[in-house]
There are 4 protein chains.
Amino acid sequence: MHSQLNPVGSMNMLSQVEVDQLHQSATSELYNLYRNCSLAVLNAGSHTDDAEQIYQQFTDFQIQVLRRERGVKIDLQNPPLHAFVDGKIIKGIQEHLSVVLRDILFTSSRYKDMTDISEQITHITFDILRNADIIRPETDPNLITCWGGHSINHLEYKYTKEVGYQLGLRNFNICTGCGPGAMKGPMKGATIGHAKQRNNQGRYIGLTEPSIIAAEPPNPIVNELVIMPDIEKRLEAFVRISHGIIIFPGGAGTAEELLYILGIMLNSKNQAQKLPIILTGPAESAEYFQGIDAFIGATLGEKAQNLYTIIVGDAQKVAQTLKAGLVDVLTYRKQIGDAYHYNWSLVIEPDFQHPFEPTHENMSNQNISFDQDTATLAANLRRVFSGIVSGNVKSHGIKAVREKGPFKISGDSHIMALMDKLLKSFVAQQRMKLPGTKYQPCYEVIGG
Amino acid sequence: MHSQLNPVGSMNMLSQVEVDQLHQSATSELYNLYRNCSLAVLNAGSHTDDAEQIYQQFTDFQIQVLRRERGVKIDLQNPPLHAFVDGKIIKGIQEHLSVVLRDILFTSSRYKDMTDISEQITHITFDILRNADIIRPETDPNLITCWGGHSINHLEYKYTKEVGYQLGLRNFNICTGCGPGAMKGPMKGATIGHAKQRNNQGRYIGLTEPSIIAAEPPNPIVNELVIMPDIEKRLEAFVRISHGIIIFPGGAGTAEELLYILGIMLNSKNQAQKLPIILTGPAESAEYFQGIDAFIGATLGEKAQNLYTIIVGDAQKVAQTLKAGLVDVLTYRKQIGDAYHYNWSLVIEPDFQHPFEPTHENMSNQNISFDQDTATLAANLRRVFSGIVSGNVKSHGIKAVREKGPFKISGDSHIMALMDKLLKSFVAQQRMKLPGTKYQPCYEVIGG
Amino acid sequence: MHSQLNPVGSMNMLSQVEVDQLHQSATSELYNLYRNCSLAVLNAGSHTDDAEQIYQQFTDFQIQVLRRERGVKIDLQNPPLHAFVDGKIIKGIQEHLSVVLRDILFTSSRYKDMTDISEQITHITFDILRNADIIRPETDPNLITCWGGHSINHLEYKYTKEVGYQLGLRNFNICTGCGPGAMKGPMKGATIGHAKQRNNQGRYIGLTEPSIIAAEPPNPIVNELVIMPDIEKRLEAFVRISHGIIIFPGGAGTAEELLYILGIMLNSKNQAQKLPIILTGPAESAEYFQGIDAFIGATLGEKAQNLYTIIVGDAQKVAQTLKAGLVDVLTYRKQIGDAYHYNWSLVIEPDFQHPFEPTHENMSNQNISFDQDTATLAANLRRVFSGIVSGNVKSHGIKAVREKGPFKISGDSHIMALMDKLLKSFVAQQRMKLPGTKYQPCYEVIGG
Amino acid sequence: MHSQLNPVGSMNMLSQVEVDQLHQSATSELYNLYRNCSLAVLNAGSHTDDAEQIYQQFTDFQIQVLRRERGVKIDLQNPPLHAFVDGKIIKGIQEHLSVVLRDILFTSSRYKDMTDISEQITHITFDILRNADIIRPETDPNLITCWGGHSINHLEYKYTKEVGYQLGLRNFNICTGCGPGAMKGPMKGATIGHAKQRNNQGRYIGLTEPSIIAAEPPNPIVNELVIMPDIEKRLEAFVRISHGIIIFPGGAGTAEELLYILGIMLNSKNQAQKLPIILTGPAESAEYFQGIDAFIGATLGEKAQNLYTIIVGDAQKVAQTLKAGLVDVLTYRKQIGDAYHYNWSLVIEPDFQHPFEPTHENMSNQNISFDQDTATLAANLRRVFSGIVSGNVKSHGIKAVREKGPFKISGDSHIMALMDKLLKSFVAQQRMKLPGTKYQPCYEVIGG
């Protein structure tokens, strides 16, 4: 199959210099990044979360940018067929393809050499979001980030839709990490809620990054997609633009996200910050949250547990709680003169900002012990779970584990025991990978 | 509870003369019509289809129209609570309330004394639709009417959503009779399909009439509602504005609709007309359609059977078939100079236009026999099913049956036998009424 | 020349019944009305104000309404050429043609037999305006009616543009009677003011009626045109929808308008009403306003003079005064519960509502004397000036005067003397007719 | 006076890093640039073209950017009062202020160190225009650049309005260099033309640069303003985005523009290019164009003369000629695969791209002789006129001339004689400066 389409939005016209940058060349790192991210969004309807397998399945896929009278055309050779309806690309996917062009080019041309300075990282994160028109000062602040597993069971999925519906009825907008499961359900539910409220400006924001986009491609309902340069800027983006956070059941990625936000909120400089965090699932998931809560209590302590509320089996209450919490968020922002749409005053320390590369060595070297403050422990735990996600579904991680064996995770023996238990429950509940194949752990808990 | 709200759309300002017309008065027929229809749309989330019961449940509900600086306000006393989210009316329901005001006033002031002349009836139907902004010559013609039961099983419901989704992906708009089941599923599905195609102009048209609105209230997704004056103008509206018709599984009402459209298409004057008609349901409904098909074959003959296509368990094929059929529809309209958005050239004989009042006497007097042309037989059969719907869910019908016992249906013994069998299958499959109570037939087939 | 075009707006689809009503027929009064009004709007760029001459110049002009797939087409034979740019009709004129179709059909089908009841007349006026989407409760109330002559000198014209510009800068919208001179200048000025304020929703409302439309056709800048059925409903429309009135220099028509509004405001029932009325012109027009003011003082007295403010040569002050006055208008409307966009509470007595037919007999019979209250005297004087307008530029009036000689105007000798003086000054200043021909008075003041 | 306002458009939210960049500091070059350009757009209604005088008049003007909950605020101290209506800033000027923020920040942060490479200069020009949303591939290509004097007489001004009106009636959009006279008239005329065609998307693009913005500030009708970094990129922007060029009467600046475009079109690599160039003015300006034409003939030859058409006193013909020419432009672009909205294929040599600094030395050193190709001669002549503009109205130029006396212009004696004559005619016709003061030439033609 061969298809040509127009990019939509701000990237429908490129300069000669820019087109040249993207010209296909086997050796061009930028082109490969562009090609792979494009392939990922085209492959949205697929039923696997194994990035490597996806790339191997479509080795004959090619993409090119061509200049035409009315801007540029994107030329596709052998794209995944489920991106098309009767031979015509789904508009939502066409938009996502344009976003890939925009974000890869933009980040590449402006931020080729990323900085280490904290203030600059926050500026870059902001600049990328602003360039994607995510930040809209004139609109009502009402963005809820929903985190949770890409592999969840039917009851949990239905519940995420119900929560999204209740949020949509209250005109909340939704932000997730893209992908299936808990990242798709709230958007579908909100779509119906918005429709009943005649809100046709509903925002379904998806934040992704190049290494996860193939395993968790954006559902076409995502109508604002941003590809952040790395997972840490993606996480920073989530927390700075949100007015509330929901955490649904999930596996290692969800644990990473929970540890990230708790680690930041535990920072004493963020003591006065307002940000409602709700852990929620259907009545049947009560036990799951008890496990998570126990793990947090045993590792980060009661102070961390006080940062979130657990609501089980009551979608309406989730939405009402966030609506009430929003008032506090805005009052606080107004009081200290912070922006409604980007939380500048939240302090994010460098150990949450600097990209973590999950090599075997880095995985082994994390300090997982009680001889440090809880925020730092959270940062280190976060990295461990991040590494497990990589070993599970990301192209680089899968390769590394295949070559060198499972990651070795070690540290304080009490924590290792808790961790082993938690990870095992994720495996047992099929949260690590989409069902279909037997899960082979990419990690080994030493002394767990 | 007490609430005031602004009507939206063209009816947000009324003259003194008009407000006076609607002033609350126990003796005013117009006010009562207005009140009851308003109650029905407010009661959209209810789980009963018994109109009488609804009216009795909300005897203390009151509605008034008040004049204010910025137009009029609608004042509600004791409205059903599920129309509200956190005390604020759902926007979709607010629109529906405004539609009630518009349509009841409009029909009342322009068409108080309805005419019998066929050409005038068609003009009235058109005028009401035009006043409701249903007819939009500048838009692409792409309206599919979905008929089917309000009481269908879970598999069937899921399938109607799937069909709606496939239609939405192809930018079809949806028209149904309002209400739950097969009238709601396609709209929900299309909403998701439209979202993926970034179509935020999706139309979810609901056509209802005062006697059915309480039993089958418009779901808030319906974003264009019209209350036609009677069932016959409602049916005429469906067929003149549609570019294709889908019939999902259903009960007596669905049978009425099928007989109506077949009766018209059997008219020799409509021989050249193009209008795709598809009977469809999930794989599990195959048997249901065999029953319907057999009944049509035995009563109206093979010619009638040739007017529709049965597709089982293939939502995508349904959508593709309608897309292919649309080309023929438009080619034909263009060729004979007919309008794309209102099928003027379709001939609808007076016996399909004149309102049928389902009294016991009228029910008994229908000529159900083979000694007439098939179009007339279809017209008479249509009336019988129409009466059964009335006895099942409409306020007047329920009362009449309670007072005088079941309607007596009689006629040709062969047809009676077929009819009895068909109706019994509807009962067995719980298609007559929403589940919850035991169904007590409102009819008796004599000699069946 | 032969041209076909689509009507725009709500009248782009007509029913068979409606098209039939308008079918060309020499004997059809409705068709002739439709044709003549259409011709008038097409002839907008012409340089004559003699209605009869216009109709005679285009005897071979024909217009037809044809049914097509996408609604109806308007078919024009031999239309005036200045309605076209390079063979394509100017969009503004296309809209005006559609308005003619809408208003002639609407009034004809709903209000064929006009009522005499005051409350009904007000309802009809409202209904016609609402159908034309003139009344928009959700918008800010800010409509200024500008009255004044169609034949004014260059300095006056420039000044009307300057006033319009200052109004536009303050986001006022403009309403006039259509036509050149003081009815066009404020709209052109406001267009520039609106552009600078990035207001692309500027409203330039033109109210006309069939007998004046040819002499004073709508300039294409008029983006909301309404053809009221007669001059009295047109005047009622002006005063009920306005939030302030400006009167520029003018001739008999302007005098009619001034007397109309003063007569109504003098009514003791309207004592509490708020409506700023400003008489204004360039510094050079100071003397003109002294003449008008003296005439009002001598006939209707000081109380009438107190109803208006005269501002000479200060466009900015005019706009600022109206802005300040608007606050009072809205405060009053809110306080008594009246609508912001239609002044229901203003009392207009039947002698200002009933159409005046300017026959020779009716003109002679007006009671112009001091033995009546001032409101009634204003009403009678208004009729006399109305008749003079008819004799000057309207088709019927011109014919009547040609056949029977000038209208005879008689009454109290003091008033007659004042009137004669005033009318003579209008003649001397070329305010009666557009320059180009010598003005031959259509009236004779008896005892003046 | 003290006022705070929101920037509009994409610059309504800035990062901490960006706000810091602009923080007021007497020593910051960027802040001074920002302040002066802001002052210039606020001073739009002024009646002087002397940049230095303007800056001196408002020494107490201050501007600051402040962070607030809903983005940033611009804080103004002692701004020019005519930017306000009743104490509220004119919306158009508010937009221009936002543009200053956008363009000064954007250019500063992305293109601090400008490149010399031709391809990169074209990319920068494109990037700045794209960032300003000037380039819109999905719209119809229809942009006409109007060049001409800021100081023209009343008849000429009226004619530029008439041409703008005729262009507007044909839905052309207008681009000028901002400022009064021939840069404002076409926009005002087009506004009325667009209004009649119900085109409320009319574009009135103003391209300026920091050194000219004070002398020729954007009229508030300009609804898309771009501040290019220097005059050469501004000129390149004009010719790459236009589909036709009109040159009205003017002085040194207009001569510069004419020489620029002729120099480029004379380049043999541009032989096949299509770009209609029309010199036009009212009948009374016939002699002016004879002078210009004679000068071009004598210096650049007949080939240069063939590149333009002179139309005198026929605004409609100007518009019709451009409409016909547009077809050729688009056909050519399509044929060679060039963009409709940015003429990439036009070759602009480095001597037209590199900024010319009009020092006394540079002015003396231009090679004005026949011993070079005509394109180069045009480039050199262009620089000389550019220098005269600087000496007339730009802050730096005025200062330099005051300190060191008039620029000395020398070269081939025949050309000098022609030049002297042409410049003298500009002086005599008051084209060099706005009337009001006696013009003191900033140049001296040696051997003229």
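Which residue of chain C comes closest to the rotation axis? Select Asn200(C) to find out: its C-alpha lies 3.0 Å from that axis, the closest approach of any residue of chain C.

Before moving on, a word about what you have open. This is a predicted model, where local features need pLDDT of at least 70, side-chain atom pairs count only at pLDDT 80 or more, and totals for chains, interfaces and linings use all residues. Residues are numbered from 1 along each chain as its sequence is written, while chains are lettered from A and ligands numbered from 1 in the order in which they are written.

**Chains C and D.** Now show these two together. A turn of 180° with a shift of 0.0 Å along the axis lays chain C on chain D with an RMSD of 0.0 Å (superposed by least squares on the C-alpha atoms of residues with pLDDT of at least 70 in both). This is how a two-fold axis relates copies. The copies meet through the same surface, because 100% of the interface residues of chain C are also interface residues in chain D.

**Chains C and B.** Next, bring in chain B. Here 23 residues of chain C are in contact with 23 residues of chain B (C-beta atoms, placed from the backbone, within 7 Å). On chain C, pick out helix H1 (16-21), helix H5 (118-131) and helix H12 (315-336), the elements that each give two or more residues to this side (helices are DSSP runs of H or I, at least four residues, numbered from the N terminus). The largest share, five residues, comes from H5(C).

**Chains A and C.** Finally, select this pair: no contact joins them, and their closest C-alpha atoms lie 17 Å apart.

Terms used
Two residues are in contact if their C-beta atoms, placed from the backbone, lie within 7 Å.
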